[in-house]
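Visitor: I'd like to know where the labels on a model come from. Could you take me through it, label by label?

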2 protein chains.
Amino acid sequence: MALIVQKYGGTSMGSPDRIRNVAKRVARWQAQGNKVVVVVSAMSGETNRLIALAKDVSPQPDPRELDVMVSTGEQVTIALLTMALKDIGVNAKSYTGSQVRIVTDSTFNKARILNIDDGNIRADLDKGMVAVVAGFQGVDEHGNITTLGRGGSDTSGVAIAAALKADECQIYTDVDGVYTTDPRIVPEARKLNQITFEEMLEMASLGSKVLQIRSVEFAGKYKVKLRVLSSFEEEGKETLGTLITFEENPKMEQPIISGIAFNRDEAKLTVLGVPDRPGIAYQILGPIAEANIDVDMIIQNVGHDGTTDFSFTVNRGEFARTKAMLDEQIKPHVGARAVEGDSKICKVSAVGVGMRSHPGVASKMFRILAEEGINIQMISTSEIKISVVVDEKYLELAVRVLHKAFELDQAAA
Amino acid sequence: MALIVQKYGGTSMGSPDRIRNVAKRVARWQAQGNKVVVVVSAMSGETNRLIALAKDVSPQPDPRELDVMVSTGEQVTIALLTMALKDIGVNAKSYTGSQVRIVTDSTFNKARILNIDDGNIRADLDKGMVAVVAGFQGVDEHGNITTLGRGGSDTSGVAIAAALKADECQIYTDVDGVYTTDPRIVPEARKLNQITFEEMLEMASLGSKVLQIRSVEFAGKYKVKLRVLSSFEEEGKETLGTLITFEENPKMEQPIISGIAFNRDEAKLTVLGVPDRPGIAYQILGPIAEANIDVDMIIQNVGHDGTTDFSFTVNRGEFARTKAMLDEQIKPHVGARAVEGDSKICKVSAVGVGMRSHPGVASKMFRILAEEGINIQMISTSEIKISVVVDEKYLELAVRVLHKAFELDQAAA
């Protein structure tokens, strides 16, 4: 008998029919002899509706009160799913974050989980019941309702799985697993049966929206086995989705590259002709960080003639603000020659733990892109990832040719 | 400095504009040196929307889970009102029933309040804050969310006023007080500045929908001063509504009749030719009560020829079921001659504590109706009320002529 935590997102809870389907799925897992805890999101669109309503009343809603309000989204779905379970003969009980208790700090709107009291849920499980828990929410030590911020329901699922020492945390979503790349761009993209945590972290941070990166980090920290599955597969035709493993499977021939990720939300900035002296990187990026602008890639090449060029990328929404800071404040201060910026770029990355033991992945990647006439503007590498910045117009082409070149369309061994 | 509990209903919370208006009103009361606790209902329509959603998922929603769900309606409005208060510089904090704690029994959907812990709210008030409390909801001793049933927000307001020993509980609604009768029927109907609890109970039970009868009973039991006011009066033009007093005002010339109430939701049933023997009333009404049908008026006149006729009224929605029970089950059992029923009736009542000391009110009432050719089908009296059942078509006429005959259109002394 296994203890399974299942997390269902907003689209899985999007209508009465879908909720009844989730209930049937939960019932099947329980009938197979598992203890099941279900963590649910609000119905899709509901959190946005509540936030819009709050903003209709107050332009800048009080953070504590906003949490009181948006936490009702999950309070509705735990009740609906529990009703649906009872209707098909499954003894079940709903829990708000406060009823569990999921104790968080008091950072309203983006609280962090400190501790989960698993006593109530464990007692229910021992009685053969299913516990249905509101995701995304908790309670601070003073009894105030808190929320974990967007995507927090995944984190709730993982945290509850960790607290209960569950055998597996299943994240049900509208896709049936993690793919080698986005199937909307490459129709030959293949579902991965498994992927390592490190790879998943790189894929998630690069824009694969299947899992919230915070929940993956959390799962890694507490060694929770995660599985991504679809809640829309028909009964009897379910697949096992993608398992996110802690160790590279020694029995399996590890592919060199597991996936091609991409991100079109970035913009590039370059400070040209910067005096090549110690401390220059800090003088440029210090003010940017103080302005709360997240910097992703940072490139500085060897200088010549006593000056160098310094490039970095930011979220595209911060492009104008960053450019203005560089022009008006940083350029005169560091004595740079010019500032250039380009918001029409994208980042394409090859991710795979296999590249550790396979030299030549980077050069192959550069060759493939060159053969297509795609100019590489920036390069950044980590142990298991190679990222390049190219003109946005090449995004689909770059992803397609890399996916093919690394044979990601071939079935795994 | 007074401690005031203000309760706002669903129409007062019906839109962002209205919520901001409520916030301004609360701010004015506080600025006048009062400590203010606000109890709110869900936005109008929201509770029905949630119940409909529950029924879309489950034909007979689990009672515990239904309470988890519908309690979110008030959780949204406490947050919205608190945001609006903070926006205009009033320090405020919202409370769910569980956060207060409003402890109830575990009768989901129609729980009864057992105890209110006033510590948290009192501490806030002492800090100069406004406490905004969710009406209609509580929590049982096991931490389960409960609701008080329809109209429960009024009861929450009164119960909190009682627990805090508030100087006054103000019920804000969409009318500006209690009227001598329904102004839609009698345009000359006059707002009463005050009314006794006994009268209010009779008016409420007779269909005056201003206050829930349960909250009036609660206020009477705990000696809470209640005031009914409008939340739609403009700033500077507010009236003091209607105060519901415990004692007849000795300084004031008490009017004989305070109001004319009516109810068109009833139906009349008569069992004819019942053997006139002891126990017959129980044999007729016992099965009706067991079927959970509420009986209002009961009339049995002296018999003749060894038989009597037995009449009573029920809610119109129960008419068909009651008639069937009488026909098929009770008539053969008691050996009655026939069963008659009429759902096209109404009840009109004159209410006033003054009639205790003024004989002749009943005969005056019967004379006025006779002069208009209105046949009286049933009569029932209490110490401060005379009710008659007449054909439904005479409702407006009867109310108008009685209102005029008892001079309710004249300003009070």
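Visitor: What makes strand β18 of chain A count as mostly covered?

Guide: This is a predicted model, so keep that in mind throughout. A residue is called buried if 20 or more other C-beta atoms lie within 10 Å of its own. In β18 of chain A, residues 345-351, 7 of the 7 residues are buried.

Visitor: Which residues of β18(A) sit on which side?

Guide: A:I345, A:K347, A:S349 and A:V351 are on one side. A:C346, A:V348 and A:A350 are on the other. They are all buried, so both faces are covered by that 20-neighbour cut-off.

Visitor: How do you know which strands β18(A) pairs with?

Guide: Two strands pair if DSSP finds at least two bridges between them. Strand β13 (259-263) of chain A and β18(A) have 5 bridges, and β18(A) and β20 (385-391) of chain A have 7. Both pass the cut-off of two, so both are called pairs. The sense is antiparallel with β13(A) and antiparallel with β20(A). For landmarks, A:F262 stands opposite A:V348, and A:S349 stands opposite A:S387.

Visitor: What makes β15 and β17 of chain A edge strands?

Guide: There is an open sheet of 4 strands in chain A, in the order β15-β16-β14-β17, with antiparallel pairing. β15 (295-300) and β17 (338-342) each pair on one side only, and that is what makes them the edges. From one strand to the next, the twist averages 15 degrees.

Visitor: Where does β14 of chain A find its partners?

Guide: β14(A), residues 266-275, pairs with β17(A) over 5 bridges and with β16(A) over 8. Both counts clear the two-bridge minimum, so both are pairs. A:L269 shows the two sides nicely: its bridge partner in β16(A) is A:F312, while in β17(A) A:L269 stands opposite A:G341. A:T270, for its part, stands opposite A:E340 in β17(A).

Visitor: Which helix lies across that sheet, and at what angle to β14(A)?

Guide: Helix α11 of chain A, residues 319-334, lies across β14, β16 and β17. α11(A) runs at about 5 degrees to β14(A). Angles here go from 0 to 180 degrees between N-to-C directions, so a value of about 5 degrees says that the helix and the strand point nearly the same way.

Visitor: Zooming out, why is chain A called as compact as a globular protein of its length?

Guide: The radius of gyration of chain A is 24 Å, and the globule rule gives 22 Å for 413 residues. Those values are close, so the chain is as compact as a globular protein of that length. Along its principal axes, the C-alpha trace spans about 75 × 55 × 30 Å. Chain A holds 13 helices and 20 strands, and 47% of its residues are buried. Of its contacts with a separation of 6 or more, 75% join residues 24 or more positions apart.

Visitor: How do you know that chains A and B are related by a two-fold axis?

Guide: A rotation of 180 degrees, with 0.0 Å of shift along the axis, superposes chain A on chain B with an RMSD of 0.2 Å. That is the relation of a two-fold axis. The same surface serves both copies, as 100% of the contact residues of chain A recur in chain B. Within chain A, A:T72 comes closest to the axis, with its C-alpha at 2.7 Å.

Visitor: What does the contact between the chains consist of?

Guide: The contact takes 27 residues from each of chains A and B. On the chain A side, the elements giving two or more residues are α1 (16-31), α2 (46-57), α3 (63-70) and α4 (72-87). α4(A) gives the most, with 11 residues. By class, that side has 14 nonpolar, 7 polar and 6 charged residues.

Visitor: Why is B:P16 called partly exposed?

Guide: B:P16 has 17 other C-beta atoms within 10 Å. Buried needs 20 or more and exposed means 12 or fewer, so 17 falls in between and B:P16 is partly exposed. B:P16 is in helix α1 of chain B and touches A:D56 and A:V57. Its C-alpha is 8.2 Å from that of B:L80, 64 residues apart along the chain.

Terms used. Residues are numbered from 1 along each chain as its sequence is written. Chains are lettered from A and ligands numbered from 1 in the order in which they are written. This is a predicted model: local features need pLDDT of at least 70, side-chain atom pairs count only at pLDDT 80 or more; totals for chains, interfaces and linings use all residues. Copies are superposed by least squares on the C-alpha atoms of residues with pLDDT of at least 70 in both. Two residues are in contact if their C-beta atoms, placed from the backbone, lie within 7 Å. Ala, Val, Leu, Ile, Met, Phe, Trp, Tyr, Cys and Pro count as nonpolar, Asp, Glu, Lys and Arg as charged, and the others, Gly among them, as polar. The radius of gyration is taken over C-alpha atoms; the globule rule is 2.2 Å times the number of residues to the power 0.38. Lists of a residue's contacts leave out its neighbours within four places in sequence.
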